[in-house]
Amino acid sequence: MWCFSLQRRCLHSSLCLMKKTKSKTPAEQRWMQRQLKDPYVKASHQQHFRCRSAFKLLEIDDKFRILKPGYSVVDCGAAPGAWSQVAVQRVNSAGTAASACDASDPDLPRGTVIGIDLLNIPPLDGAHFLPSHDVTDPATHAKLLELLPHSRAHVVLSDMAPNASGFRDMDHEKLILMCLSLIDLAGKILQPGGSLLCKYWDGILAHELQDKLSAVFGSVRTLKPNASRKDSAERYFLAGMYRKQEKRL
């Protein structure tokens, strides 16, 4: 009965989208048609993720295991909350993570997930959201230090991006600057040995970001998950083995 209900809801959603395309511009119609055909969009509905981006993090974590039960995670640019959903599952912050026997395991350590965004984020069990917060604001950093166990995170995630201006080089530069601000954030909250995963758009400044990451992380990988559209300039840097820098006098 539940499966039938789910299929009916998905069919209803698809029909609604098809009706809406009639009143859209050609570009908007192409976007909606792509959404209808996208297997990750369909899977996100079926698995109750808030958007398709969840599958990018799932793929990366399945391969590199950066999220573990008991870990503390800060999700930057968290809205609408899909990456936080994945983090909640993987670090067991809601206490519902399953063991090999597919049952909730009370012995698994419970982690912490904190999401930050300028936008509103619908509530999520197992996550503490900070809407209307700027990730570069010292007041936000102070709040994170209060909320994180021992004032330290194991992982910083970022799928954030600036609003597109239509000028590719300008948007690329803005996102690189946002990623560079995460290095400053890591200096305040990331524990030694921790990881940072951040999205960037490929361009001339990508090497500068990679160099900055390599200066404070033992390993830096460039990733393009399968769930990332092939025609997109979207890439991810996965930086691991954080080396906390000592303050110079």
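A residue counts as buried when its relative accessible area is under 20%, as exposed when that area is over 50%, and as partly exposed in between. Keep this at hand for the exercises below, which all work on a predicted model.

**Exercise 1. Get an overview of the chain: how many helices and strands does the chain have, and what share of its residues count as buried?**

Step 1. Start with the secondary structure, which comes to eight helices and seven strands.
Step 2. Next, apply the burial cut-off: 43% of the 249 residues count as buried.
Step 3. Finally, look at contacts between residues at least 6 apart in sequence; 64% of these join residues at least 24 apart.

**Exercise 2. Describe helix α5 and what comes before and after: which residues of α5 are buried?**

Step 1. Begin ahead of the helix, in the loop between β1 (72–76) and α5, where P80 lies. A cis peptide bond joins A79 and P80, with omega about 5°.
Step 2. Now take the helix: eight of the 10 residues of α5 are buried, so α5 is mostly covered. The buried residues are A82, W83, S84, Q85, V86, A87, V88 and V91.
Step 3. Move past the end of α5 to N92, which has a positive phi near 65°.
Step 4. Put the two backbone features in context: most residues other than glycine have a negative phi, and most peptide bonds are trans.

**Exercise 3. Work out how α7 and α8 are arranged: at what angle do they pack, and how far apart are their axes?**

Step 1. Read off the geometry: α7 and α8 (residues 206–216) pack at about 5°, and their axes are 10 Å apart.
Step 2. Compare with the cut-off: angles under 35 degrees count as roughly parallel, and therefore α7 and α8 are roughly parallel to each other.
Step 3. List the partners. From α7 come H172, I176, C179, L180 and I183, and these meet A206, E208, L209, K212, L213 and V216 of α8.
Step 4. Sort this contact by class to find eight nonpolar, one polar and two charged residues.

**Exercise 4. Profile the largest pocket: what is its volume, and which residues are closest to its centre?**

Step 1. The largest pocket holds about 760 Å³ of space. It is lined by 29 residues, and K56, K199, W201, S232 and E234 are the closest to its centre.
Step 2. Trace the lining to its elements: α2 (26–37), α5 (82–91), α7 (168–189) and β5 (190–201) each give two or more residues. The most come from α7, with three residues.
Step 3. Split the lining by class, which gives 10 nonpolar, eight polar and 11 charged residues.

**Exercise 5. Do the same for the second largest pocket: which elements give two or more residues to its lining?**

Step 1. Its volume is about 470 Å³.
Step 2. Among its 19 lining residues, D117, L118, M160, A161 and M178 are the closest to the centre.
Step 3. β2 (112–117) and α7 are the elements that give two or more residues.
Step 4. By class, the lining has 11 nonpolar, five polar and three charged residues.

**Exercise 6. Classify two serines by exposure: is S132 buried or exposed, and how does S151 count?**

Step 1. Locate S132 in the loop between β3 (127–131) and α6 (138–147); its phi is positive, near 55°.
Step 2. S132 has a relative accessible area of 61%, so S132 is exposed.
Step 3. Turn to S151, in the loop between α6 and β4 (153–158); here phi is near 60°, also a positive value.
Step 4. At 26% relative accessibility, S151 counts as partly exposed.

Conventions: Residues are numbered from 1 along each chain as its sequence is written. This is a predicted model: local features need pLDDT of at least 70, side-chain atom pairs count only at pLDDT 80 or more; totals for chains, interfaces and linings use all residues. Side-chain values use heavy atoms; hydrogens and water are left out. On a 1 Å grid over the protein atoms alone, a cavity is a set of points where a 1.4 Å probe fits but cannot get out, and a pocket is an open set with protein on both sides within 12 Å along at least five of seven lines; lining residues have an atom within 4 Å of a point. Grid points are joined across faces, edges and corners, and a volume is the space filled by probe spheres set on the points. Helices (H or I, at least four residues) and strands (E, at least two) are DSSP runs, numbered from the N terminus. Ala, Val, Leu, Ile, Met, Phe, Trp, Tyr, Cys and Pro count as nonpolar, Asp, Glu, Lys and Arg as charged, and the others, Gly among them, as polar. Axes are lines fitted to C-alpha atoms, for helices over the stretch in contact, and angles run from 0 to 180 degrees between N-to-C directions. Angles under 35 degrees count as roughly parallel, over 145 as roughly antiparallel, 65 to 115 as roughly perpendicular and the rest as oblique. Contact means heavy atoms within 4.5 Å. Buried means under 20% relative accessible area, exposed over 50%, partly exposed in between (1.4 Å probe, protein chains only).
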